[in-house]
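This briefing sets out selected local features of one protein model. The points are grouped by topic and are meant to be read beside the structure.

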Amino acid sequence: MTEDVDVVVIGGGQAGLAVGYHLRRTPLSWVVLDAQDGPGGAWRHGWNGLRLFSPARFSSLPGWVMPGGTDDYPSRAEVLEYLDAYERRYELPVRRRVDVDAVHREGDGFRVVADAGTWRARAVVSATGTWSRPSIPDFPGRGEFLGVQLHSAGYATPDAFAGRRVLVVGGGNSGAQILAEVSRVADATWVTLAEPGFLPDWVDGRYLFDQASAAYRARQEGREPPPRVGLGDIVMVPPVREARDRGVLRSVRPFTRMTAGGVVWPDGREEAVDAVIWCTGFRPALDHLRPLDVVEGGRIAVEGTRSVREPRLWLVGYGDWTGFASATLIAVGRTARATVTEIAAELA
């Protein structure tokens with residue numbers, strides 16, 4: 001099967017849906033190709049207890065506010081329900097399950113090759129995110145460790161770790177939230193490069209977004225950014241506050257190496273460990289774009305969201321390098337709108 005469209009959007013998570021919302025307002029023909037089994041993108045793979053650190057009202061895609069108030073921090077299940085309903089509400093043409101293997105140049109456009117067929121497109125928007133590319137640091141001896149190792153991408157519940165000795169590695173919000181869960185059932189230690197910073201209880205993702213937006217606008221206008229309060233980075237969502245109250249939000253510096261049965265700490269002490277949960281981030285999922293020879297150092301050079309070397313290729317939702325806060329629900333709509341405006345002008 002080969003299908004001709006003006007625009008192919010690769011990825012049906014929050015970024016792809018935001019792009020679709022704006023594409024539906026143009027006369028262009030387009031399709032969203034999604035590799036997941038159902039709606040929700042990366043949220044389908046989050047752990048069961050995952051919560052947003054912004055209230056529902058401030059965690060919405062363009063056009064439709066997520067149900068919930070200003071004090072409701074949505075769960076993973078609630079975000080999935082919202083994304084499913086959003087897709088249906090706007091009748092977005094998402095095809096799944098479609099695994100895109102490669103994007104090739106073809107004339108003035110592209111040939112998008114997938115397991116379910118081939119699409120010829122005048123423009124491509126890549127919105128595959130990072131979830132399928134978990135990053136784990138190459139600690140000495142990691143391959144010798146005989147216990148359980150998994151990345152936060154593969155973590156679901158703490159049940160499998162009950163009664164075991166567990167290290168949770170990583171100082172971000174995922175590390176703090178997973179530690180909060182696992183420490184209820186296991187002997188858990190939090191391992192971070194530096195002492196984590198904790199936000200005051202009254203600060204949430206809405207405040208952080210507003211603060212970062214003010215700095216962004218100042219830079220765009222050539223002004224000195226307003227002073228930012230040194231608040232750290234761990235948002236005190238209810239499960240993390242509960243862990244603090246239990247006294248478990250304490251971290252230690254990293255071990256020096258891993259052994260078959262555990263780890264060796266900087267003081268030379270070897271400790272037996274049953275499992276390590278790596279909360280150490282992700283890399284952009286860009287392998288499908290390698291035939292275009294635009295991937296350099298794990299990223300693609302862009303102006304805004306548009307590829308410098310391939311001007312009919314756009315990238316949305318990978319982080320600040322593809323638009324301010326573009327990996328968040330609340331901010332991806334801004335870069336999606338700008339992207340579709342450029343595409344419509346280019347293809348007019």
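In this predicted model, strands S5 and S6 are joined by a hairpin through two residues. The strand S5 covers residues 109–114, and S6 covers residues 117–126. The points below begin with S6 and its pairing partners, then turn to helix H5 and to Thr305.

**Strand S6 and its partners**

- The two strands of the hairpin, S5 and S6, run antiparallel and are joined by five bridges.
- Within S5, Arg111 stands opposite Arg120 of S6.
- Strand S1, made up of residues 2–10, pairs with S6 in the parallel sense, and eight bridges link the two.
- Thr2 has Thr118 in S6 as its bridge partner.
- A further parallel pairing connects S6 with strand S19 (residues 313–315) over three bridges.
- In that pairing, Ser126 has Leu315 of S19 as its bridge partner.
- S6 is mostly covered, with eight of its 10 residues buried.

**Helix H5**

- Helix H5 spans residues 238–246, and its residues Pro239, Val240 and Ala243 are buried.
- These three residues lie on the same side of H5, because they cover an arc of only 100° around the axis.
- An α-helix has 3.6 residues a turn, so residues three or four places apart point the same way.
- Helix H3 (173–182) is included in what covers the buried residues of H5.
- Just after H5, Gly247 adopts a positive phi of about 80°.

**Thr305 and its surroundings**

- Thr305 is located in a loop, with strand S17 (302–303) on one side and strand S18 (306–307) on the other.
- Its relative accessible area is 7%, and Thr305 is therefore buried, since the cut-off is under 20%.
- Through its side chain, Thr305 makes a polar contact of 2.7 Å with the side chain of Thr339.
- Neighbours within four places in sequence aside, Thr305 is in contact with Leu313, Trp314, Leu315, Val316, Thr322, Thr335 and Thr339.
- Among these contacts is Leu315, the residue of S19 that serves as bridge partner to Ser126.
- Thr339 thus appears both in the list of contacts of Thr305 and as its side-chain polar partner.

Note on methods:
Residues are numbered from 1 along each chain as its sequence is written. This is a predicted model: local features need pLDDT of at least 70, side-chain atom pairs count only at pLDDT 80 or more; totals for chains, interfaces and linings use all residues. Side-chain values use heavy atoms; hydrogens and water are left out. Helices (H or I, at least four residues) and strands (E, at least two) are DSSP runs, numbered from the N terminus. Buried means under 20% relative accessible area, exposed over 50%, partly exposed in between (1.4 Å probe, protein chains only). A polar contact is a pair of N or O atoms within 3.5 Å; within protein, one must be able to donate a hydrogen and the other to accept it, and residues adjacent in sequence count only if both atoms are side-chain atoms. Contact means heavy atoms within 4.5 Å. Two strands pair if DSSP finds at least two bridges between them. The arc is that of the directions from the helix axis to the C-beta atoms.
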